[in-house]
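Take a moment to look at the protein shown here. We will walk through it step by step, from one pair of side chains to the whole chain.

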Amino acid sequence: MKKKPREHYIVDGYNVINSWPELIALRGDLSEARDRLVHILAEYGAYEKYNMTVVFDALFTVDEEHVEKVNEHLEVVYTGKGETADSYIERLAYESVRRGREVHVVTSDGAEQSVILGAGAYRHPSKEFHRLVRKTKKEIRDKYLGKVVLPVSRNEIASRVDAATLAKLDALRKGKYQANQAVLSDFSE
């Protein structure tokens with residue numbers, strides 16, 4: 001039986017950064033905001049078993065388009081000179097749908113959403129996707145961390161050291177040693 005390909009999420013990076021509260025706070029440092037978004041998407045995609053592509057505009061740059069492969073299932077695309085993230089996303093979504101993949105596009109851009117739907121992809125507004133990611137993060141926390149239960153009994157050192165060391169520690173606790181040197185020499189024996 002042929003394995004079903006992973007769903008493909010294409011994320012409009014700056015659109016999401018300008019929509020999510022924890023990323024809006026980082027807009028003063030776009031590099032930090034991009035890194036944080038990529039980290040969030042890596043965790044989400046790995047847990048949900050999605051392929052993720054995050055696209056950032058580089059419209060006004062003189063650089064060529066470049067792609068950074070973060071891991072096997074996540075890539076970051078910086079568009080090249082003269083290309084918007086929207087046009088790149090639309091083209092990628094169209095090509096992926098034509099190859100038979102299930103494609104989801106994350107953006108709140110109304111015009112882009114219309115084009116995406118016309119191409120046969122699913123659309124997720126940025127704020128709706130934020131709720132999905134937060135829900136998944138909570139699920140991960142609950143599933144893997146569970147309830148933190150403190151031990152019922154005390155874990156005392158007395159049960160793990162020999163009698164001579166315990167006597168020296170007890171003397172230290174009661175203040176019977178006058179100087180640090182005496183304590184150090186007792187422990188080095």
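**From a salt bridge to the whole fold**

Start with Asp-170, which forms a salt bridge with Lys-174; their closest N and O atoms are 3.0 Å apart. Keep in mind that this is a predicted model. How buried or exposed are the two partners? Asp-170 is partly exposed, because its relative accessible area is 26% and the partly exposed range lies between 20% and 50%. Lys-174 also counts as partly exposed, at 49% relative accessibility. Side chains of opposite charge can pair when their charged atoms come close.

The count of salt bridges comes to 4. Another of them joins the side chains of Lys-138 and Asp-142, at 2.7 Å from N to O. Both residues lie in helix α6. They are 4 residues apart, about one turn of the helix. Lys-138 is partly exposed, with a relative accessible area of 44%. Asp-142 is partly exposed too, at 45%.

Now turn to Glu-83 and Arg-91. Their side chains meet in a salt bridge of 2.6 Å, N to O. Is Glu-83 buried or exposed? Glu-83 counts as buried, because its relative accessibility is 14% and buried means under 20%. Its partner Arg-91 is partly exposed, with a relative accessible area of 37%.

Next, step back to the overall layout. The protein has 8 helices and 6 strands. Along the sequence they follow the pattern β-α-α-α-β-β-β-α-β-α-β-α-α-α. Find strand β3, residues 66-71, in the structure. It runs antiparallel to β4, and 5 bridges join the two. Together β3 and β4 form a hairpin, with 2 residues between them. Across this pairing, Lys-69 stands opposite Glu-75 in β4.

Then look inside. In soluble globular proteins, nonpolar side chains tend to be buried together. Here the largest nonpolar core has 23 residues. Which residues have the most contacts inside it? They are Trp-20, Leu-37, Met-52, Val-54, Phe-56 and Phe-129. Several elements each supply at least two residues of this core: β1 (8-12), α1 (13-17), α3 (30-48), β2 (51-56), β4 (74-78) and α6 (126-145). Helix α3 gives the most, with 6 residues.

Val-54 gives a closer view. Set aside its neighbours within four places in sequence. Val-54 is then in contact with Val-11, Gly-13, Leu-37, Val-38, Leu-41, Glu-75, Val-76 and Val-77. One of these, Val-77, belongs to a second, separate core of 13 residues. That second core also includes Ile-89, Leu-92 and Val-97.

Aromatic rings come next. The structure holds 9 aromatic pairs. Ring pairs link Tyr-9, Trp-20, Tyr-44, Tyr-50 and Phe-129 into a cluster. Two of these names should be familiar: Trp-20 and Phe-129 are among the residues with the most contacts inside the largest core.

Finally, view the protein as a whole. Of its 189 residues, 34% count as buried. Consider the contacts with a separation of 6 or more: residues 24 or more positions apart account for 47% of them. The accessible surface comes to about 12300 Å². Carbon and sulfur atoms make up 53% of that surface.

Definitions and conventions
Residues numbered from 1 in each chain as written. Predicted model: local features only at pLDDT ≥ 70, side-chain atom pairs only at ≥ 80, totals over all residues. Heavy atoms only, no water. Core = buried A, V, L, I, M, F, W, Y, C linked by side-chain atoms within 4.5 Å. Buried < 20%, exposed > 50% of the residue type's maximum accessible area, 1.4 Å probe, protein only. Contact = heavy atoms within 4.5 Å. Pairing = 2+ DSSP bridges. Phe/Tyr/Trp six-rings, centres within 6.5 Å; stacked < 30°, edge-to-face > 60°. Areas by Shrake-Rupley, 256 points an atom, 1.4 Å probe, with all protein chains shown as cover.
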